[in-house]
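Please open the model in a viewer and keep the selection panel at hand. The tour begins at the ligand and then turns to the empty spaces in the protein.

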Amino acid sequence: MKILVLNASPKGKNSTTVHTALYLQALHPEHTFTVVPVGQQIKRYEKDFAPLRAQLEEAELVLFCYPVYTFIAPYQLHRLIELIKADGVDLSGKFASQITTSKHFYDVTAHRYVEENCFDLGMKVVRGLSADMDDLLTEEGRREARNFFDQLMFSCAHGLFVTPPAPAPRREKEIYQPVLPDVAKTKDKDVVIVTNCAPEDQNLHNMIADFQAALPFESRVVNLRDFPFAGGCLGCFGCAVTGKCVYQDGFDQFLRNTIQTADAFVYAFTIADHYTHSSFKCFDDRQFCNGHRTVTHGTPIAYLISGDYRYESNLRMIVEGRSEVGGNYLCGVATDEGDTAADIQALADSLVFALKKKLSRPANFYGVGGMKIFRDLIYVMQGLMKADHRFYKAHGIYDFPQKQKKRILQMKLVGALVAIPSVQKKMKGQMNQYIIGPYQKVVEQAGEKRKASGQ
Ligand SMILES: Cc1cc2nc3c(=O)[nH]c(=O)nc-3n(C[C@H](O)[C@H](O)[C@H](O)COP(=O)(O)O)c2cc1C
């Protein structure tokens with residue numbers, strides 16, 4: 001089979017991920033592998049897409065190889081997908097699959113993003129391989145890579161493809177006109193609206209205008225398309241020790257002094273290619289200069305999204321997952337799918353309420369699971385990721401279960417007691433009663449407190 005490996009890591013031939021493809025190439029001389037460093041050469045393809053078009057046309061199987069970057073793919077792959085779609089090269093009927101390496105932090109959303117775009121292109125999608133960064137260095141990892149390739153060939157031969165999600169029904173896009181009255185503003189809070197709004201994003205532009213009108217605080221708009229990014233994150237880890245990016249375009253100072261200082265963040269974008277225009281992904285990836293530190297923990301977040309958000313389940317997971325992991329209270333998402341004005345008004349009210357009440361909520365699976373991956377990663381990498389390690393120590397993020405010595409001892413004692421037959425007999429059916437005791441006390445005390453306060 002003619003396999004085109006799109007190596008979308010910005011590290012080119014020094015990519016970890018592409019080595020899994022090279023390993024498979026070494027084992028399978030019966031197939032033709034063409035490996036292209038698309039991530040490193042993205043600027044070249046922006047100027048001239050023709051060489052890649054020819055390679056895409058030639059391929060029978062397109063294998064996307066990339067590192068997971070901030071819940072999705074690197075900016076460079078987002079840009080490539082834009083270029084492929086803009087060129088209009090016909091990939092329908094071709095096989096598509098993917099290999100990623102990562103620490104498994106939101107590898108699921110990355111894979112879903114690539115799958116969704118391959119479906120858009122009419123490709124036959126085979127489930128990809130999500131490997132840990134170090135997997136190729138272990139025998140088990142290599143076996144899994146070999147298995148992946150065998151399954152891939154089997155799936156192509158037997159038509160075992162990923163089921164595409166139901167697409168959004170076609171709808172006539174109405175131009176949303178701002179209607180909300182401009183309320184009086186105070187300078188009590190600083191709200192920053194980060195957007196990649198382009199001149200053609202009329203709805204988004206008007207949604208931002210309405211949101212600003214409805215908000216009783218003055219707000220600032222930062223348009224990412226105006227920032228002179230020198231390029232996407234290079235994955236060089238130069239920032240791991242110093243927190244400073246190797247690029248000289250001033251993004252890290254801009255991020256820290258213009259955006260992160262705000263009391264609330266509003267992200268505003270139009271959906272494109274199941275995320276948004278790649279300019280936003282460039283912004284996401286370049287925030288790696290903050291490492292894995294949840295530096296804006298507690299700052300509320302709101303979203304203004306133009307597009308068929310309700311049909312983008314993967315994007316919804318990304319939006320929720322990001323605020324969960326960051327410890328940011330998600331006030332809500334206003335879209336232009338229904339009653340846009342009511343949505344925007346409710347979002348503005350919700351943001352004011354969150355700021356006033358300093359709202360927070362317990363992290364759910366997305367947040368707890370994500371932070372556990374980071375905790376274990378930074379603990380092991382503490383020698384290199386010094387700033388992250390200091391932050392995790394200072395903020396009590398190293399909550400390893402084995403440190404709960406008292407609780408473990410308590411449980412051992414309970415375990416030993418309930419193992420005694422006479423105790424077992426006495427406690428029969430009463431276990432839950434013992435457990436619920438302290439909870440009942442909380443409820444009783446709340447009632448007593450309320451009565452005492454005369455409410
Ligand atoms: C900007 C940036 C963002 C990253 N985001 C994630 C992530 O969301 N999830 C994850 O598990 N790993 C993440 N990583 C780690 C990379 O996925 C991992 O190091 C990968 O193996 C690098 O592959 P490569 O050498 O092919 O570029 C990130 C790394 C960088 C530099």
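Select K103 together with the ligand: a polar backbone atom of K103 is 2.7 Å from an oxygen atom of the ligand, a polar contact being a pair of N or O atoms within 3.5 Å (within protein, one must be able to donate a hydrogen and the other to accept it, and residues adjacent in sequence count only if both atoms are side-chain atoms). Taken alone, the ligand exposes 650 Å², of which the protein buries 95%; accessible areas come from the Shrake-Rupley method with a 1.4 Å probe, and for residues only the protein chains shown count as cover.

The model is predicted: local features need pLDDT of at least 70, side-chain atom pairs count only at pLDDT 80 or more, and totals for chains, interfaces and linings use all residues. Residues are numbered from 1 along each chain as its sequence is written, and side-chain values use heavy atoms, with hydrogens and water left out.

**The ligand shell**

Add T16, where a backbone N or O atom lies 2.7 Å from an oxygen atom of the ligand. For V68, the corresponding distance from a backbone N or O atom to a ligand oxygen atom is 2.8 Å.

Next, extend the selection to the 20 residues around the ligand, of which S9, S15, T16, T17 and T101 come nearest; a residue counts as near if one of its heavy atoms lies within 4 Å. This shell comprises eight nonpolar, nine polar and three charged residues (Ala, Val, Leu, Ile, Met, Phe, Trp, Tyr, Cys and Pro count as nonpolar, Asp, Glu, Lys and Arg as charged, and the others, Gly among them, as polar).

Colour α1 (16-27) and β4 (95-102), each of which supplies at least two shell residues; helices (H or I, at least four residues) and strands (E, at least two) are DSSP runs numbered from the N terminus. Domain 1 (2-158) and domain 2 (186-365) each contribute at least three residues to the shell, with bounds from an automatic or database domain assignment.

**The second largest pocket**

Select A168, I271, H274, D308 and E312, the closest to the centre of the second largest pocket among its 29 lining residues. The volume of this pocket is about 770 Å³. Its lining holds ten nonpolar, seven polar and twelve charged residues. Both α5 (107-120) and β9 (264-272) provide at least two of them.

On a 1 Å grid over the protein atoms alone, a pocket is an open set with protein on both sides within 12 Å along at least five of seven lines, a cavity is a set of points where a 1.4 Å probe fits but cannot get out, and lining residues have an atom within 4 Å of a point. Grid points are joined across faces, edges and corners, and a volume is the space filled by probe spheres set on the points.

**The cavities**

Two cavities of 30 Å³ or more are present. For the largest, of about 120 Å³, select C233, L234, C236, C239 and C245, the closest to its centre of 13 lining residues. For the second largest, of about 40 Å³, select the lining residues C239, A240, F288, G291, H292, R293, M385 and D388.
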